[in-house]
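I opened this chain to see how its surface and its interior are laid out. My notes follow in the order I looked things up.

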Amino acid sequence: MAEEPVKDISGAAKSPVPVTTEKSPKGDTVVSTVPLVSEVQLMAATGGAELSCYRCIIPFAVVVFITGIVVTAVAYSFNSHGSIISILGLVLLCSGLFLLASSALCWKVRQRSKKVKRRESQTALVANQRSLFA
C-alpha cells in the first residue's frame with residue numbers, strides 16, 4: 001500500500017516532528033515519529049467543536065449527579081454511614097455538582113465574550129456608517 005502525502009493546511013504552524021525511541025523485546029532500538037497536531041488542524045478536524053466543551057459536559061454531569069444521588073440514597077437507607085459506598089456516593093454527588101457548576105461557568109464566560117464581540121462589531125459598523133454619511 002502506497003503512503004499518501006500529508007496535505008499541508010495553510011496557516012498551520014510548522015513544528016518539529018518529535019522522535020521517540022523504544023526498545024523491542026529482542027534488544028533492537030525502534031525509532032518512530034509522532035506528528036504534532038496544530039490548533040488549526042484540530043479546528044479543521046472537529047469543525048470548531050473544541051470550544052463547545054460545556055455542551056458535552058452537561059449530559060455527563062447529569063448522569064454522574066443522578067448516580068451520586070442514587071448511590072448515596074442506597075447507602076444511607078442501609079444505615080451505612082462512613083462506609084465505602086456512602087463515600088463513593090458523596091464523591092459522585094460532589095463530582096456531578098462540580099461538573100454542572102463548571103459547565104454553567106463556561107457557558108456564562110462564553111456568552112459574555114460573545115456579547116463583547118457583538119458590541120465591538122456593532123461599534124465598528126456604526127463608526128463606518130457615520131464616516132460614509134459624513
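**Entry 1: Arg110.** I started with one side chain on the third helix. I find Arg110 partly exposed, at 26% relative accessibility. Values from 20% to 50% fall in that class, so 26% puts Arg110 there. The residue sits in helix H3. I then checked its distance to Tyr54. The two are 56 residues apart along the chain, and their C-alpha atoms are separated by 9.5 Å. I note here that I am working from a predicted model.

**Entry 2: other H3 residues and Tyr54.** I ran the same check on Leu105, which also belongs to helix H3. Its C-alpha atom is 8.7 Å from that of Tyr54, with the two positions 51 residues apart in sequence terms. Is Leu105 buried or exposed? Its relative accessibility is 57%, so I log Leu105 as exposed; the cut-off for that class is over 50%. Next came Lys108, again in helix H3. From Lys108 to Tyr54 I get 10.0 Å, C-alpha to C-alpha, for a sequence separation of 54 residues. Lys108 is partly exposed, at 47% relative accessibility.

**Entry 3: the whole chain.** I stepped back to the overall layout. I count three helices and two strands. Their order along the sequence is β-β-α-α-α. The chain has 134 residues, and 12% of them count as buried. The exposed area is about 11,000 Å². Carbon and sulfur atoms supply 67% of that area. I also looked at contacts between residues with a separation of 6 or more: 44% of these join residues 24 or more positions apart.

**Entry 4: positive charge.** Which residues gather in a patch of positive charge on the surface? I list Arg55, Lys108, Arg112, Lys114, Lys115, Arg118 and Arg119. Helix H3 gives the largest share, six residues. Lys108, from Entry 2, is one of the patch members. Arg55 is in the patch too, but its place is in helix H2, residues 53-77. I checked the accessibility of Arg55 as well. It is exposed, because its relative accessible area is 53% and the class begins over 50%.

**Entry 5: nonpolar surface.** I then looked for a nonpolar patch. One of about 600 Å² is made by Ile58, Val62, Ile66, Val70, Val74, Phe78 and Ile85. Which helix provides the largest share of this patch? Helix H2 does, with five residues. I followed up on Ile85, which lies in helix H3. Ile85 is partly exposed, at 38% relative accessibility. Patch members need over 30% relative accessible area, so Ile85 at 38% clears that cut-off.

**Entry 6: Ser86.** My last stop was Ser86. Helix H3 covers residues 84-133, and Ser86 is in it. Is Ser86 buried or exposed? Its relative accessible area is 1%, so I log Ser86 as buried; the cut-off is under 20%. I then looked for its contacts, leaving aside neighbours within four places in sequence. Ser86 touches Ala75, Tyr76, Ser80 and His81.

**Entry 7: recap.** For my own reference, I set three H3 residues side by side. Ser86 is buried, Ile85 is partly exposed, and Leu105 is exposed. For the patches, H3 gives the largest share of the positive one, whereas H2 gives the largest share of the nonpolar one.

Key
Residues are numbered from 1 along each chain as its sequence is written. This is a predicted model: local features need pLDDT of at least 70, side-chain atom pairs count only at pLDDT 80 or more; totals for chains, interfaces and linings use all residues. Side-chain values use heavy atoms; hydrogens and water are left out. Helices (H or I, at least four residues) and strands (E, at least two) are DSSP runs, numbered from the N terminus. Buried means under 20% relative accessible area, exposed over 50%, partly exposed in between (1.4 Å probe, protein chains only). Contact means heavy atoms within 4.5 Å. Accessible areas come from the Shrake-Rupley method with a 1.4 Å probe; for residues, only the protein chains shown count as cover. Patches are made of residues with over 30% relative accessible area and no salt bridge: like charges are joined within 9 Å, nonpolar side chains (Val, Leu, Ile, Met, Phe, Trp, Tyr) within 5 Å. A salt bridge is a side-chain nitrogen of Lys or Arg within 4 Å of a carboxyl oxygen of Asp or Glu. Lys and Arg count as positive and Asp and Glu as negative; His and the chain ends are not counted. The place of a charge is taken as NZ of Lys, CZ of Arg, CG of Asp or CD of Glu.
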